[in-house]
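I opened a fresh page for this one and wanted to go through it piece by piece. Here is what I looked up, in the order I looked.

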There are 2 protein chains.
Amino acid sequence: MSFYPPRRTLMGPGPSDVNPRITNAMARPTIGHLDPAFIELMEQLKGLLQYAFQTDNALTLPVSAPGSAGMETCFVNLMQPGDKAIICQNGVFGGRMKENVTRLGGEAVMVEDEWGTAVDLDKVRQAIAEHPDARVLAFVHAETSTGVRSDAEALCRLASEAGMLSIMDTVTGLGGIEVAVDAWGADAVYSGSQKCLSCTPGLSPVTISERAAEVIRSRTHPVQSWFLDLNLVMGYWGGGESGGGKRAYHHTAPINALYGLHEALTILKEEGLEASFARHRLNHEALKAGLEAIGLSLVVAEADRLPQLNLVSVPEAVDEAAVRSMLLNDYNLEIGAGLGALAGKVWRIGLMGYASNPTNVRLCLGALQHALVAQGLNVNGAVRAADAVYTAAGI
Amino acid sequence: MSFYPPRRTLMGPGPSDVNPRITNAMARPTIGHLDPAFIELMEQLKGLLQYAFQTDNALTLPVSAPGSAGMETCFVNLMQPGDKAIICQNGVFGGRMKENVTRLGGEAVMVEDEWGTAVDLDKVRQAIAEHPDARVLAFVHAETSTGVRSDAEALCRLASEAGMLSIMDTVTGLGGIEVAVDAWGADAVYSGSQKCLSCTPGLSPVTISERAAEVIRSRTHPVQSWFLDLNLVMGYWGGGESGGGKRAYHHTAPINALYGLHEALTILKEEGLEASFARHRLNHEALKAGLEAIGLSLVVAEADRLPQLNLVSVPEAVDEAAVRSMLLNDYNLEIGAGLGALAGKVWRIGLMGYASNPTNVRLCLGALQHALVAQGLNVNGAVRAADAVYTAAGI
């Protein structure tokens, strides 16, 4: 029997609501992965990704698998067995980076910060001083598990001043906040399709600096993954020394998913990066005002907050799982639970891409207020407080 | 600007024509990867994959990436560094298996057969006798580069008699010809979504025997790929010792692509495996009759032919690329070129899944005949010959 999903509003940590233009694009007829029309799509996609990443990197492409594979692509291509990496961990995904490094036979030096706080630059400076032989400095720009933004520009600079390559996770960042790959001098950057790009999950946009591409081309030890070997992927997507020449078959590209990503990036370009960032900020402000009106506070310090992913403290005596269930069952609204050390203590409310809009903010605030009242709290005025922010912004 | 693909008829080695029911399913609203409704979809998907693979294996799931990643999943999970594998190569994909083995630190013993012929069982017996310490015997059931079927049942039996694990590539086989995983005793089997399942590319159905799953659970060396580590994937998809319990987040599943695979497998089950196999055989017979009527011959010996992928010899003095261009430009029809050693010498005509139908057979034969006439050959009667086959079959 065919599967008909319920219609949810997705305000968790991703996937986020998908613009119907994107699912419509994905439903267009499949063509071959070596079809001249598809090659043209690939060229356009590269240009659109370069726009989103603010880069001229020739090696800019969507990895044919989710963000986790994008992460693995960066690590297994830039590092060889025996290489050392400094990994900043302030949430779930730094730990995953460590797994990547150890599994490829590398050594991971961890710089740990409390979950919910940004990466401490001083600790990183110290780690660099203690490990000048590290090849890579890796960090999460926008931590999906905590809603924290770290200072990517400063971290990339620390890496390049120390002669290290930077690997940046901006799965939750791209399209929602500034990601200026060239200006920051980032070397390997990966993202995901299903966050602020509002596409369906399954693809991981990646961009690699010329300096890092040269490292990949001059490896002495083959990349351990055949599927993720960028030396081979370059032969299909271009970006290698011969860039733009003949397309050699490597693997069968996920054609229709790429139609979707193309449409998602087209929508982003139509809106413009700055306008998208401003929209994410405004809806964050409105959500925050509404949350505060009903006694809910944001966990992350103001300077480090991601507008697209809000970590909300669960009040004492509130059954956090019951609240999420009520939102899902009564409102078809999904918000996220806490991960790891934060499980049971927080909610994660996403306002990503297409989902970052006043309707969703009002829906979420009204539903949360209802759920808190059902839990015995005497609260009101959430939507009114958000509306005041919109009114002040002239919309 | 949005991308509008041309409408092609896909009769190459895959992707094949996608049933519109599948693209419609993919366009349904995205839900979360931990949504109860999605967990229900995952359970259904497992059952549908078990039906297609003819297996009860608990560890049966779609890898969230194309067939190449399915291959890598099987090798990196079943093998550890230092392990030896006997690899049968009779086309492109045996060579890729070798790459997988060497990149994980294993040793590959190659059993080579001429491209376009089936794996020679005697050579395999000899390799097993010479390398009784090999852990794995790997082979391609349905070679996408040559259109050859090898005797999977016999190869699996040789492996299990020798105490080796079998790894079987049936990317092009599943849904088009018999794939009887349990009856054959295959240990690790991978396929692709975009061949006889007629889904869009991007997913790789995989099934692992309990014997192989136990090997994976008792590894001493971690799987080199975090993304493809089935010990972790089992936590999300089930199939581990605790099977069917709580779903732990591993990576974000490609939700909408899985809607598509679910629909593709639903369609297969509605038709029934035997009916699907019979349809593939009949359309192959009709195509063959038409090809022979215009002087084109199939390269592969009759007993070893895949009905869903026909390797056609390019006649002397015919410009094979010009023929493919004419088909694409004048008929919006894609057929495949030769790969590797066969480049320039053959065409690959796919009749896979939804694309295996009389309309496509007639379109392809008429177009090919036209193209050969344009190349100066005096040929006719291709469609008439195919129609005679359909008439004889009572349709």
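My entries below go from the whole assembly down to single peptide bonds.

**Entry 1: the model**
I am working with a predicted model, so I keep that in mind for each entry.

**Entry 2: how the two chains relate**
I superposed the copies to begin with. Chain B lands on chain A after a rotation of 180°, with 0.0 Å of shift along the axis and an RMSD of 0.0 Å. I noted this down as a two-fold axis, because that is the relation such a rotation describes. Which C-alpha of chain B is nearest the axis? I found that of B:A65, at 2.5 Å from the axis. I also checked whether both copies use the same surface, and they do: 100% of the contact residues of chain B recur in chain A.

**Entry 3: the contact between the chains**
How many residues does each chain put into the contact? I read off 60 residues from chain B and 60 residues from chain A. On the side of chain B that touches chain A, I listed the helices that supply at least two residues each: α1 (20-26), α2 (36-53), α3 (67-78), α4 (92-103) and α10 (255-271) of chain B. The one that gives the most is α10(B), with seven residues. Sorted by class, this side of chain B holds 28 nonpolar, 22 polar and 10 charged residues.

**Entry 4: domains of chain A**
Next I looked within one chain. Chain A splits into domain 1, residues 19-270, and domain 2, residues 272-392. Their centres, taken over C-alpha atoms, are separated by 29 Å. Where the domains of chain A touch, domain 1 brings 23 residues and domain 2 brings 22 residues. I sorted the domain 1 side of chain A as well, and got nine nonpolar, 11 polar and three charged residues.

**Entry 5: a helix pair in chain B**
I then turned to α13 (residues 358-374) and α14 (residues 382-392) of chain B, whose axes come within 8 Å and cross at roughly 155°. Are they roughly parallel or antiparallel? An angle over 145 degrees counts as roughly antiparallel, so I wrote down α13(B) and α14(B) as roughly antiparallel to each other. The crossing of α13(B) past α14(B) is right-handed. From α13(B), the contact residues include B:P358, B:V361, B:R362 and B:L365; from α14(B) they are B:A382, B:V383, B:A386 and B:Y390. By class, I have eight nonpolar, two polar and one charged residue in this contact of α13(B) with α14(B).

**Entry 6: the pair in chain A**
For chain A, I found α13 and α14 packing at an angle of about 155°, with their axes 8 Å apart. In chain A too, α13(A) passes α14(A) in a right-handed crossing. Among the residues that meet here are A:L368 and A:Q369 in α13(A) and A:Y390 in α14(A).

**Entry 7: backbone oddities**
I finished with the backbone. Most residues other than glycine have a negative phi, and most peptide bonds are trans, so exceptions are worth a note. The bond from A:G14 to A:P15 is cis, with omega near 5°, and A:P15 is in the loop between β1 (9-11) and α1 (20-26) of chain A. In chain B, a cis peptide bond joins B:G14 and B:P15, with omega about 5°. Finally, B:Q54 is not a glycine, yet has a positive phi of about 55°; I found B:Q54 in the loop between α2 and β2 (59-63) of chain B.

Technical notes: Residues are numbered from 1 along each chain as its sequence is written. Chains are lettered from A and ligands numbered from 1 in the order in which they are written. This is a predicted model: local features need pLDDT of at least 70, side-chain atom pairs count only at pLDDT 80 or more; totals for chains, interfaces and linings use all residues. Domain bounds come from an automatic or database domain assignment. Two residues are in contact if their C-beta atoms, placed from the backbone, lie within 7 Å. Ala, Val, Leu, Ile, Met, Phe, Trp, Tyr, Cys and Pro count as nonpolar, Asp, Glu, Lys and Arg as charged, and the others, Gly among them, as polar. Helices (H or I, at least four residues) and strands (E, at least two) are DSSP runs, numbered from the N terminus. Copies are superposed by least squares on the C-alpha atoms of residues with pLDDT of at least 70 in both. Axes are lines fitted to C-alpha atoms, for helices over the stretch in contact, and angles run from 0 to 180 degrees between N-to-C directions. Angles under 35 degrees count as roughly parallel, over 145 as roughly antiparallel, 65 to 115 as roughly perpendicular and the rest as oblique. A crossing is left-handed if the near helix is turned anticlockwise from the far one by less than a right angle, and right-handed if clockwise.
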